Amino acid sequence: MGDENCATAQTRYLPLAVAAVSAGGTVTLCDGTHQTFDGIRRGQGAAIVGASINEAILRGWTGRSLIDSGVARLQAVSLMLDGRDGVSIAYDRANPVAVELRDVRVVGNANTSGNTAISIQAFGTGSGIAPDDIQLQGIEVVGPIGSGLSLDGVRDITASTLSVTDASTAGVRLGSSDGVTLSNVFLDNVRSGVLADQGRVTNTTIDGGIILLDSLGVGYGVSVLERADTAAPAGTSVVRGLNIELASDGDTGISIELGPDGSQALVERNLVDGKARSTRGVWVQPVIVDSGDVEILNNILIDNDRHGVDVSRADRLDSLILTSNSIATGSGSGAPITLVNLSLDTGVVSSNYGFFNNLFVSGRAGQDRAVELNQGVGIAADHNLFWNLESSYRAGGSAVSNGANDITGQDPLIRNRELEVLAGSPAIDAGNDFRAPPTDYAGILRPQGAAADIGAHER
Ligand SMILES: [Ca+2]
């Protein structure tokens, strides 16, 4: 019982096959196209497993499934959408369920530009779900689609090897979720990459991948909320190892909205290319007065012609560490650019600010500014290299003197677009070992040679 559309099948209609299978059982899809209508209204944790992703095809799919208990699994199938959503799963947090989607392809068409390929929603309270009980692996979404993966209220989910192309809203939406871990993502021609656009989103980890935005409207490569009210438990979000290309004026590569005291954001080893548009590479916004800690380490931020790093209401943070980044503007014409911009409300910043070992480079001589605070306060900064800039540090409209070990007036000998430097560069071995992160942009241990280098690369 349970096979569908095979020579020996006892039913040829998928919902009947699912209804017939015992709780926790498996419906085996043979190769071929299987028509579905309203999908599975109420699964008992059945698995639907295809013979192969290329041949087992579910057409017109809306796999609306309320998981009561047990394991829900969809494996090695392609879903061909037509004006409907794809897989849609809802579960009660009080029940111990597990959801697994593995080797699933979802293909949209001209009628699905407002639909969602995969939606997972949790409701109720409770802790029946253990960490990693919800797993997605090998997911490929080919639009046109609204969003590739949409989460709401989900806790503890891992998704690895996730590909979404041609999404008019976002590759992934995080709505009110906690503990989402995404790794090895490839998001192409998406309006936003990973979007926390509603609710309270905490403890997000995004580790590795490529995000390429399209050019309609304003988008975010990654937006993370560690917020939004003081009742929320403090969490830690990590954005690491992404290569992000922006497409429009107003885009932001990595946006962090930080919540209460104790919340943390780590942004490291990312490359954000603003394509010489009015973009922000990294944008930090503490949303409450007593907000948490931000570390920005080993990033390469190029051609973001609004700011490489922009911190709004910077005085709300408990700490801001900006270390071993390479930040550069291109050679295009236009208004002067401030590579790192800090806007303060009160004019009092935490003493836990540190800007060390950063490489600041302008592609056009003498007009761009490296670091600027809108009020006249001092921050700890040294061992930075400044090249081709109008100023190194400015605060409250006036220039601030350099640190004792800052380097100015020496060409860093940039050799490629990732801002690596040639042998003989003054950036080599000129950093502060104590401040340097343990590895560089590529994971090479620091220090190499006599000392840590300035910038995102170590040699
Ligand atoms: Ca070195």
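**Exercise 1. Which residues are the protein donors of the calcium ion, and how far from it do they lie?**

Solution. The model used here is predicted.
Step 1: the donors with side-chain oxygens are listed as Asp 429 (OD), Asp 453 (OD) and Glu 458 (OE).
Step 2: Gln 448 (O), Ala 451 (O) and Arg 459 (O) complete the list.
Step 3: these donors lie 2.3 to 2.7 Å from the calcium ion.

**Exercise 2. Find the arrangement of the donor atoms and their spacing along the chain.**

Solution.
Step 1: the six donor atoms around the calcium ion subtend angles of 73 to 178 degrees, so the arrangement is octahedral.
Step 2: along the chain, the donors follow the spacing D-x18-Q-x2-A-x1-D-x4-E-R.
Step 3: Asp 429 and Asp 453 both lie in the segment after β33 (407-408), and the pair therefore ties together parts that are 24 residues apart in sequence.

**Exercise 3. Decide whether Asp 429 and Asp 453 are buried, partly exposed or exposed.**

Solution.
Step 1: buried means under 20% relative accessible area, and exposed means over 50%.
Step 2: Asp 429 has 30% relative accessibility, so Asp 429 counts as partly exposed.
Step 3: Asp 453 has 1% relative accessibility, so Asp 453 counts as buried.

**Exercise 4. Describe the chain as a whole and its nonpolar cores.**

Solution.
Step 1: the chain contains one helix and 33 strands.
Step 2: it has 459 residues, of which 56% count as buried.
Step 3: among contacts with a separation of 6 or more, 68% are between residues 24 or more positions apart.
Step 4: the largest nonpolar core holds 95 residues, and Ile 118, Leu 136 and Leu 342 have the most contacts inside it.
Step 5: strand β10 (residues 134-152) gives the largest share of this core, seven residues.
Step 6: not counting residues up to four places away in sequence, Leu 342 touches several residues, including Val 311, Leu 320, Phe 355 and Leu 373.
Step 7: a second, separate core has 14 residues, among them Leu 271, Ile 300, Ala 328 and Leu 385.

**Exercise 5. Locate the unusual backbone geometry.**

Solution.
Step 1: most residues other than glycine have a negative phi, and most peptide bonds are trans.
Step 2: Gly 143 and Pro 144 are joined by a cis peptide bond with omega of about 10 degrees, and Pro 144 lies in strand β10.
Step 3: a cis peptide bond also joins Arg 446 and Pro 447, with omega of about -10 degrees; Pro 447 lies in the segment after β33.
Step 4: Asp 103, in strand β8 (residues 97-107), has a positive phi of about 55 degrees.
Step 5: Asn 184, in strand β12 (residues 178-195), has a positive phi of about 55 degrees.

Note on methods
Residues numbered from 1 in each chain as written. Predicted model: local features only at pLDDT ≥ 70, side-chain atom pairs only at ≥ 80, totals over all residues. Heavy atoms only, no water. Donors = N, O, S within 2.8 Å, 3.2 Å for Na, K, Ca; no water. Tetrahedral: all angles 85-135°; square planar, octahedral: opposite > 155°, others 65-115°. Helix = DSSP H or I, 4+ residues; strand = E, 2+ residues; numbered from the N terminus. Buried < 20%, exposed > 50% of the residue type's maximum accessible area, 1.4 Å probe, protein only. Contact = heavy atoms within 4.5 Å. Core = buried A, V, L, I, M, F, W, Y, C linked by side-chain atoms within 4.5 Å.
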